[in-house]
Number of protein chains: 2
Amino acid sequence: MKRPKILVTNDDGIVAPGIKVLVEIVKKIGDVVVVAPDKPQSGQGHAITLESPLRLKKVELFEGVESYECSGTPVDCVKLAKSVILKEDNIDLCVSGINHGSNASINIIYSGTMSAAMEASLEGINSIGFSFLDFSFKADFTNATPYIESIIRSVLDKKTLPSRLINVNIPKGDIAGIKVCRQAKGVWVEEFKESIDPRGEPYYWMTGKFDYQDSKNDNDLKALEAGYISVVPSHHDLTHYSSIDALKYLETSEHE
Amino acid sequence: MKRPKILVTNDDGIVAPGIKVLVEIVKKIGDVVVVAPDKPQSGQGHAITLESPLRLKKVELFEGVESYECSGTPVDCVKLAKSVILKEDNIDLCVSGINHGSNASINIIYSGTMSAAMEASLEGINSIGFSFLDFSFKADFTNATPYIESIIRSVLDKKTLPSRLINVNIPKGDIAGIKVCRQAKGVWVEEFKESIDPRGEPYYWMTGKFDYQDSKNDNDLKALEAGYISVVPSHHDLTHYSSIDALKYLETSEHE
């Protein structure tokens with residue numbers, strides 16, 4: 001049986017511990033190519049690089065695995081992997097991460113990890129973003145590893161993800177199991193720390209706290225709180241279908 | 001009657017012609033504050049600035065309108081407007097644009113214009129992103145202007161947008177009317193132009209063509225093609241609800 005071709009990327013940068021753990025897992029399963037940012041790209045969302053050229057450099061970071069660092073965003077990495085490196089090669093799966101920190105709830109829209117996976121899903125590739133609820137680069141992934149392997153193998157066996165994209169978040173410590181659920185409602189309430197630079201000019205540094213706004217429990221944050229891995233099927237159609245009829249009043253505002 | 005407070009931003013930068021047209025329209029309707037990037041930020045998606053400080057500078061660009069240029073992304077602009085500039089002031093509406101170029105179909109996820117509007121919608125503010133299907137900074141917005149004004153007035157009158165966010169795209173030339181519809185299915189098929197720099201190293205510049213993948217006509221691209229303004233109610237819940245049950249097979253992959 002032909003081994004699946006697996007593309008690996010992330011947003012913490014190619015030297016982050018999380019991507020190393022992920023590469024070790026997928027090496028056992030398929031033929032792996034890594035294309036990841038040459039520096040941290042957290043919070044890059046679905047940014048792409050239009051106004052400047054991109055660089056790709058072959059690196060020897062993962063034993064026996066073809067690997068490239070890229071000067072662009074996580075989404076750029078996926079586009080270059082598909083168009084320049086793998087070209088006609090069929091990619092059976094794209095995995096992104098393991099992110100250091102949560103991409104549950106609204107974090108998905110800011111996340112370079114998830115945007116990279118979404119870009120691959122757009123291009124017709126089944127994709128999984130993995131995130132671990134520990135920001136530390138010394139995070140211990142031991143408990144997470146067998147679950148990650150099992151999710152990847154399940155998706156490859158089924159050969160299909162109905163939405164082509166899943167957002168997997170993994171709690172620290174003991175794991176109770178896996179819950180398939182929806183994205184929790186919530187928002188970052190931004191606060192900025194204002195300071196004055198040595199020339200007397202003000203500057204602002206983003207901080208903020210998370211405001212949970214969900215009234216029900218069938219969501220990713222509640223699953224994580226209960227010690228479960230959350231799996232949220234996700235997609236890129238941002239249409240709010242139930243509003244289409246309610247907005248028909250705008251159609252009357254015509255100017256002859 | 002109290003005049004509505006309107007926040008204006010964009011992604012082409014505060015000196016782009018599109019934002020000037022938008023400011024002229026909303027000045028007639030409400031009290032306006034502009035917070036927009038100090039340089040072009042197209043394709044920035046939902047990127048935020050975490051690793052460096054942000055600058056805000058008061059500028060005199062629009063007569064009688066409080067205006068700031070910001071060193072960050074479009075989403076940073078909205079966050080700073082809300083947290084640092086307007087604070088406790090209620091924002092009745094956020095308008096983003098007028099973007100030079102289409103944000104219909106999948107462009108919404110790469111667009112700084114739409115991400116800024118989405119960020120405001122996340123914070124509970126009714127938001128509209130406007131985009132005009134002409135990349136030129138010499139674009140003629142004459143036909144578009146009365147429609148933009150009428151959409152803004154309608155949304156302010158109704159005081160509610162069921163999804164809090166709409167994506168408005170406007171064709172060049174004659175306008176047939178307004179259609180409320182869904183995001184068309186499609187994807188950018190990326191190609192990269194490879195060149196060699198003066199030191200002999202390769203670099204890649206993103207290009208690409210759009211691949212229309214929709215089998216039906218009730219979408220924004222078809223509306224635009226027929227000369228209509230497209231209005232797509234949009235939101236930030238990326239859950240693919242219909243897949244939740246189909247993915248329950250993953251819940252069985254537990255490791256005791």
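B:N169 stands opposite B:S230 in β13(B). The two strands involved are β7 (residues 165–170) and β13 (residues 228–234) of chain B, which run antiparallel and are joined by five bridges. Strands count as paired if DSSP finds at least two bridges between them. Helices (H or I, at least four residues) and strands (E, at least two) are DSSP runs, numbered from the N terminus.

This is a predicted model, in which local features need pLDDT of at least 70 and side-chain atom pairs count only at pLDDT 80 or more, while totals for chains, interfaces and linings use all residues. Residues are numbered from 1 along each chain as its sequence is written, and chains are lettered from A and ligands numbered from 1 in the order in which they are written.

## The sheet of chain B

Chain B holds an open sheet of nine strands with mixed pairing, in the order β3-β4-β2-β1-β5-β6-β7-β13-β8. β3 (56–59) and β8 (177–180) of chain B stand at the edges with a single partner strand each, so one side of each has no neighbour in the sheet. On average, neighbouring strands are turned by 20° against each other, direction ignored. Axes here are lines fitted to C-alpha atoms, for helices over the stretch in contact, and angles run from 0 to 180 degrees between N-to-C directions.

Helix α1 (residues 17–27) of chain B packs on this sheet. It touches β1 (5–9), β2 (31–37), β5 (93–100) and β6 (127–132) of chain B, and its direction makes about 145° with that of β5(B). Helix α2 (residues 74–86) of chain B packs on the sheet too, touching β1, β2, β3, β4 (66–70) and β5 of chain B. The direction of α2(B) makes about 135° with that of β2(B).

β5(B) is largely enclosed by the rest of the structure, because eight of its eight residues are buried. Buried means 20 or more other C-beta atoms within 10 Å of the residue's own; exposed means 12 or fewer, partly exposed lies in between, and C-beta atoms are placed from the backbone. β5(B) runs parallel to β1(B), with four bridges, and parallel to β6(B), with five. B:V8 stands opposite B:V95 in β5(B). B:S96 stands opposite B:G129 in β6(B).

## The core

B:V8 and B:V95 recur in the largest nonpolar core. This core has 148 residues, and those with the most contacts inside it are A:V8, A:V95, B:V8 and B:V95. A nonpolar core is a set of buried Ala, Val, Leu, Ile, Met, Phe, Trp, Tyr and Cys residues joined through C-beta atoms within 7 Å. Beyond four places in sequence, B:V8 is in contact (C-beta atoms, placed from the backbone, within 7 Å) with residues including B:I19, B:L22, B:V32 and B:V95.

## Chain A: strands and a kinked helix

The sheet of chain A is open, has nine strands in the order β3-β4-β2-β1-β5-β6-β7-β13-β8, and has mixed pairing. Its edge strands are β3 and β8 of chain A, each pairing on one side only.

Three pairings of this chain are listed here.

| Strands | Sense | Bridges | Opposite residues |
|---|---|---|---|
| β2(A) and β4(A) | parallel | five | A:V34 and A:S67 |
| β3(A) and β4(A) | antiparallel | four | A:L56 and A:C70 |
| β5(A) and β6(A) | parallel | five | A:V95 and A:I128 |

α2(A) packs on the sheet, touching β1 (5–9), β2, β3, β4 and β5 of chain A. Its direction makes about 135° with that of β2(A). α4(A) also packs there, touching β1, β5, β6 and β7 (165–170) of chain A, at about 170° to the direction of β6(A).

β4(A) is largely enclosed, because four of its five residues are buried. β3(A) and β4(A) form a hairpin with six residues between them, and A:G64 in the turn has a positive phi of about 75°.

Helix α2 (residues 74–86) of chain A has a kink of about 35°, centred on A:L80. The bend at a residue is the angle between axes fitted to the seven residues ending there and the seven starting there. A:L80 is buried, as are A:K79 and A:A81. Just after α2(A), A:K87 takes a positive phi of about 40°.

## The interface

72 residues of chain A are in contact with 72 residues of chain B. α5(A) gives the most to the chain A side, with six residues. That side divides into 37 nonpolar, 21 polar and 14 charged residues. Ala, Val, Leu, Ile, Met, Phe, Trp, Tyr, Cys and Pro count as nonpolar, Asp, Glu, Lys and Arg as charged, and the others, Gly among them, as polar.

How values were computed:
Contact = placed C-beta atoms within 7 Å.
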